[in-house]
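The following exercises are to be worked with the sequence and the model at hand. Each task is followed by a solution in steps.

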Amino acid sequence: MKASEIRAKWLKFFESKGHTIEPSAPLVPHNDPSLLWINAGMAPLKPYFDGRVVPENPRIANSQKCIRTNDIENVGKTRRHHTFFEMLGNFSIGEYFKEEAITWAWEFLTSPEWIGFDPNRLSVTVYPEDTEAFEMWNKKIGLPEERIYKLEENFWDIGEGPCGPCTEIFYDRGDKYGDLSDPECWPGGENERFLEVWNLVFSQFNHNKDGSYTPLPNKNIDTGAGLERFASILQDVDSNFDTDLFQPIIQKTAQLAGVTYKQNEEHDVALKVIADHIRTVAFSVGDGVLPSNEGRGYVIRRLLRRAVRYGKVLGMDKPFLYTLTPIVGDVMGIYYPEVVEKREFIEKVIRIEEERFHETLSDGLAILAEMVDKARNEGSRVISGPDAFKLYDTYGFPFDLTEDFAAEKGMTVDRAGFDQAMQEQRDRAREARKETDSMKVQGGPLADFTVKSEFVGYTDLVTAAKVIAVVHENQFVDLVGTGETCQVILDQTPFYAESGGQVSDHGYITAGDTVLKVEDVGKAPHGQHVHTVIVEAGVLRKGDTVQATVTQDMREDIIKNHTATHLLHKALKEVLGEHVNQAGSLVAPERLRFDFSHFGSISAEELQEIEQRVNAQIWKSIEVEISLKPIAEAKTMGAMALFGEKYGDIVRVVQVGGYSLELCGGCHVRNTSQIGLFKIVSESGIGSGVRRIEATTGRNGYQYLDGQLQLLRDAASLLKSNIGDVPKRIDGLFAQLKEVSRENESLKAKLGGIEAGSLTDQAKTVDGVTVLAAQVSAGDMESLRNIVDQMKTKLGSAVIVLGSAAEDKVNLVAAVTPDLVSKGYHAGKLIKEVAARCGGSGGGRPDMAQAGGKDASKLQEALQSVEQLVAAK
């Protein structure tokens, strides 16, 4: 059975059981600098489990792409370790529980209509105290007791938050994969025979801060099954790498390298690593995670470079990974169309990164050569562990390559020190994960508040409303007095709650003498708008009839900026390419900020073109049409959905004529002419592959332009010219400055020549070597070098050290003529000793070196030491 069929059957089966099929979410990391894993099945559903969001359907199923990189060194060396894998999952948010989860799992696995496993090959493990699960497997399913194993570790717990017992289902692959006489050959043991295919987690307790456990009011189901494992069993192959998920990539790589799979173990490991890593890199880049030196980008860069390193094992010394992107699309595109739709962009990013790494390899080898010299100079034949780890961690230089290079030089690498540095990094990452990994504890006064509240702010900025809930100090209350801050829910409200990048409205809620200032608006777990207010006057009571009024000027500025972001998004795609996608936004009254994926810089001409295109749509006075559509119809229309956003069955479509079409829940102008003007204020890179544009519109745009014009007026006044002549006047000043600089350099050269003429008499002979050590008046390093060059010509054969002092700063330059270099004299080593005597440091080549010092009072003493240093040589 093909892997694509298995995935389709999973989704179809759970859809028949009333589950909503969630699309695979993009790869989203924890706040963990080492990024040990991304999106493991349930992660995109966390807001449902911790009560922040209530799903429309408590039954959910999905096939989720996941990344895990905490055991990267095992990839390619075992049958099932991967950095990228698919987790098939089914979930219940407070609805069905153990009976349904176990019964459906058995039905899916054993029914010929679905997977069709032989029931006699299945075994399970359960938590010893979970008698309910044991009885379910034994009595309801009919599994013999000898195939139900009780294991203490069958309890899913990641710290504070929901947790509970779990049951794992194992498939017996037969005698070929293990002998039952082996004490480890049983479900849960270390063996290849019994393969875990499914883990059912029964989330029924809350792990409290004090370490105690209490039953959850709503019990949840969270299950995960590996698609790759299913495929290896159903395709009857030795490992996951032999399935149709990997073989096309492996065979293509083998063809490129001119090798044959399963003929050379070292080559096989390399082929598997490359196949695994290209899947991870291709999907990550497609989701906007681009190679960089920090965060998730660092993990992708590391994986890509590791794959390149294994390419070298296969004899490939040129970029090749990017050519595998279409194969990944052929294998995975049926369910993940983004890896096909963004193929050209993914290829470009990978190719550029490969080319850069080939350059980095050269740089790394140069740095490694310096490390070897350093170790030898210190009398050691070992490259230190921290140095090797720095090469690995900072430059992506593989440890085995460091070992190979060291061995060629007759040296070794401190593996223990390297491992210690690696472990310290892992420990830091583990601590970081502990802080971010656990789910929030269920609870809070609004978690179970389900009374409806309607948002009317798309059309009305003032409305009468009734207070249906008041929360003060995290508790429901009936009244709040003057000076207090509290949260208020109305039966209907014109106040927009912050979401989708658009900030919340501000304004007032009033009732007679009672005045509430609205400072923030968010959303409760069940979707109601929660107003954070300060009671400025009077007393607020639950049940009061009030008037809610949005600050109109603020809202009008916000909607101009929001519609402008839609126009900007489209203009970016037109000018830079369809690969551009929103990566974040802020829509505030005074400005807008738009983050987007783009691998490369943006020229001034491109920026101007983008701005012009947005303004062209504004000045065309285009009607902005907003409608509610079934999501399938909206996508058929071509509406742009933000990747990773969750949408219901009915979506809000914002259409700006024939130019822009997006799904959006925010507030917008009725006609583009209301925006007035659009002005880009800044453009910058905020990370590898992510750019940011900040802009302003309307009156704020006018104020910005007026401020820029005033700066130009001030500049014209200082230059004593009119505004139109400012560029010409600046060019004239630069020309004058250049001429003055040229004259200054000419004069310094003449003075240097004069000074050089007077230095010849100061040269001395030390053990048959001409030595010149003197202080000169030339202040900067370049002038010193010029005088040294002149003295080399005059003296012919010499060791020269010249120094100058200015404002307690010392400059030193040393030179050794070629004939003396051949005798072992070294300018770099000499200048290092001299500089140290006046509180400085430096170095350089054998023939020329320079240094700086901090103590000008010691310059003469330092120069006097030159003769002794030469004599010592």
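**Exercise 1. Helix α4 and its surroundings**

Which residue follows α4, and what is the sign of its phi? Determine also which residues of the helix are buried and what they pack against.

Solution. The structure is a predicted model. Begin at the end of the helix: α4 is followed by G142, which has a positive phi, near 90 degrees. Next, take the helix itself, residues 131-141, and list its buried residues: A133, F134, M136, W137, N138 and I141. Finally, trace the packing of these buried residues; their partners are helix α3 (98-110) and the strands β5 (122-126), β6 (148-150), β8 (161-172) and β9 (194-207).

**Exercise 2. A salt bridge between α3 and α4**

Identify the side chains of α3 and α4 that meet in a salt bridge, and state whether each is buried or partly exposed.

Solution. The side chains are those of K98 and E132, with an N to O distance of 3.5 Å. K98 belongs to helix α3 and E132 to helix α4, and the two residues are 34 apart in sequence. Now compare the accessibilities with the cut-off for burial, under 20%. K98 has a relative accessibility of 2% and therefore counts as buried. E132, at 41%, is partly exposed.

**Exercise 3. The partner of E86**

With which residue does E86 form a salt bridge, and why does the pair tie together separate parts of the chain?

Solution. The partner is R7, and the closest N and O atoms are 2.8 Å apart. E86 lies in strand β4 (residues 84-92) and R7 in helix α1 (residues 3-16), so the pair ties together parts that are 79 residues apart in sequence. As to burial, E86 has a relative accessible area of 0% and is buried. R7 also counts as buried, at 3%.

**Exercise 4. A network of salt bridges**

Locate the salt bridge between R79 and E192, and name the network that includes these residues.

Solution. The N to O distance of this pair is 3.7 Å. R79 is in the loop between β3 (59-68) and β4, whereas E192 is in the loop between β8 and β9, 113 residues away. R79 counts as partly exposed at 25% relative accessibility, and E192 does so at 26%. The network links R79, R80, E192 and D238. A search of the whole structure finds 37 salt bridges.

**Exercise 5. A hairpin**

How many residues join β35 to β36, and how many bridges pair the strands?

Solution. The hairpin connection consists of three residues. Strands β35 (residues 841-844) and β36 (residues 848-853) run antiparallel and are joined by four bridges. As an example, G842 has A851 of β36 as its bridge partner.

Conventions
Residues are numbered from 1 along each chain as its sequence is written. This is a predicted model: local features need pLDDT of at least 70, side-chain atom pairs count only at pLDDT 80 or more; totals for chains, interfaces and linings use all residues. Side-chain values use heavy atoms; hydrogens and water are left out. Two strands pair if DSSP finds at least two bridges between them. Buried means under 20% relative accessible area, exposed over 50%, partly exposed in between (1.4 Å probe, protein chains only). Contact means heavy atoms within 4.5 Å. A salt bridge is a side-chain nitrogen of Lys or Arg within 4 Å of a carboxyl oxygen of Asp or Glu.
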